[in-house]
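Colleague: Before I trust the labels on this model, I'd like to hear what earns each one. Please set the values against the cut-offs as we go.

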Amino acid sequence: MQPLGSARYVEFVTLADPQTMPGLRSNVLDWPYVEGLRLDEAMHPLTLLAFGMYGEVMPNQNGAPLRLVVPWKYGFKSGKSLVKIRLTDKEPRTAWNLAAPQEYGFYSNVNPDVSHPRWSQATERRIGEEGGLLARRRKTLMFNGYEPQVGQLYAGMDLRKFF
Ligand SMILES: Nc1nc2c(c(=O)[nH]1)N[C@H]1C(S)=C(S)[C@@H](COP(=O)(O)O)O[C@H]1N2
Ligand SMILES: [Mo]
């Protein structure tokens, strides 16, 4: 079926298989895990559908067989084990946004200037850096360092409101 001209968003629906996914027993979120992007975000060349990682086939826990990777957003935007990709005219509700709308917005762009209500997001530690949990903190970069590539997608938007 051809997408309609009114399509503005993409919804990503993921697998919820209680036989193989013990995490589904947690009721923090409503399953299946769902995520969404604006159409222009989804079409950006940095947005990946990934079948593998580090040159190997995608491991189950990282979202086999196919997952989303959106490198300028917080990791939870990257739905794993996708089973359905749906175009829609309305901003899709997302798993974390449904669970805690004041804490997790639709956009969830990495932004050191906009804190999560319960913690700062201005600094980070890098996985694999010497020191582990004691590794030195570094300043988090706007859009995770991809501002030159993706900043234009959000020109004129109040990123405090569209967090
Ligand atoms: N299908 C599915 N995708 C998901 C989740 C989930 O529970 N189910 N969790 C999200 C969250 S909260 C995070 S932090 C990242 C973790 O990705 P990783 O396991 O590759 O680190 O996956 C996201 N994608
Ligand atoms: Mo997470």
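Colleague: What makes the approach of threonine 14 to ligand 1 a polar contact?

Modeller: A polar contact is a pair of N or O atoms within 3.5 Å (within protein, one must be able to donate a hydrogen and the other to accept it, and residues adjacent in sequence count only if both atoms are side-chain atoms). Here a side-chain N or O atom of threonine 14 is 3.1 Å from a nitrogen atom of ligand 1, so the pair is within the cut-off. Keep in mind that this is a predicted model: local features need pLDDT of at least 70, side-chain atom pairs count only at pLDDT 80 or more, and totals for chains, interfaces and linings use all residues. As for bookkeeping, residues are numbered from 1 along each chain as its sequence is written, chains are lettered from A and ligands numbered from 1 in the order in which they are written, and side-chain values use heavy atoms, leaving out hydrogens and water.

Colleague: Which atom of serine 78 lies 3.0 Å from a nitrogen atom of ligand 1?

Modeller: That one is a backbone N or O atom of serine 78. Arginine 67 uses a polar side-chain atom instead, 2.6 Å from an oxygen atom of ligand 1. Both distances pass the polar-contact limit.

Colleague: Which residues surround ligand 1?

Modeller: To be near a molecule or strand, a residue needs a heavy atom within 4 Å of it. The residues around ligand 1 include Trp31, Tyr33, Gln61, Asn62, Phe76 and Trp96.

Colleague: Why is the pair of phenylalanine 76 and tyrosine 104 called edge-to-face?

Modeller: Rings of Phe, Tyr and Trp (its six-membered ring) pair if their centres lie within 6.5 Å; planes under 30 degrees apart are stacked, over 60 edge-to-face, and the rest tilted. The whole structure has 7 aromatic pairs. Phenylalanine 76 and tyrosine 104 have 5.3 Å between centres and 80 degrees between planes, so they pass on both counts. Phenylalanine 76 sits in the loop between strands E6 (67-69) and E7 (82-88), and tyrosine 104 in the loop between helix H2 (95-99) and strand E8 (123-124), so the pair ties together parts 28 residues apart in sequence. Those helices (H or I, at least four residues) and strands (E, at least two) are DSSP runs, numbered from the N terminus.

Colleague: What are the relative accessible areas of phenylalanine 76 and tyrosine 104?

Modeller: Buried means under 20% relative accessible area, exposed over 50%, and partly exposed in between (1.4 Å probe, protein chains only). At 22%, phenylalanine 76 is partly exposed, whereas tyrosine 104, at 14%, is buried.

Colleague: How do you know that asparagine 97 is buried?

Modeller: Its relative accessibility is 13%, so it counts as buried. Asparagine 97 lies in helix H2, and its side chain reaches the backbone oxygen of tyrosine 104 at 2.7 Å. A polar contact of 3.1 Å also joins the side chains of asparagine 97 and arginine 93.

Colleague: What puts lysine 77 over the face of phenylalanine 106?

Modeller: A charge sits over a ring if NZ of Lys or CZ of Arg is within 6 Å of the ring centre and within 35 degrees of the ring normal. Lysine 77 lies 4.4 Å from the ring centre of phenylalanine 106. Ring pairs also link Phe106 into a cluster with Tyr9, Tyr107, Phe143, Tyr154 and Phe162.

Colleague: Which residues touch the most other members of the largest nonpolar core?

Modeller: Phe12, Trp72, Phe143 and Tyr154 do, among its 16 residues. Strand E1 (residues 9-14) gives the most to this core, with 3 residues. A nonpolar core is a set of buried Ala, Val, Leu, Ile, Met, Phe, Trp, Tyr and Cys residues joined through side-chain atoms within 4.5 Å. Phenylalanine 143 has 3% relative accessibility, so it counts as buried.

Colleague: What is notable about phi of phenylalanine 143?

Modeller: Phi of phenylalanine 143 is near 50 degrees, a positive value in a residue other than glycine. Most residues other than glycine have a negative phi, and most peptide bonds are trans. Serine 108 likewise has a positive phi, of about 50 degrees.

Colleague: What is omega for the bond joining tryptophan 31 and proline 32?

Modeller: Omega is about 0 degrees there, and the peptide bond is cis. The bond from alanine 64 to proline 65 is also cis, with omega near -5 degrees.
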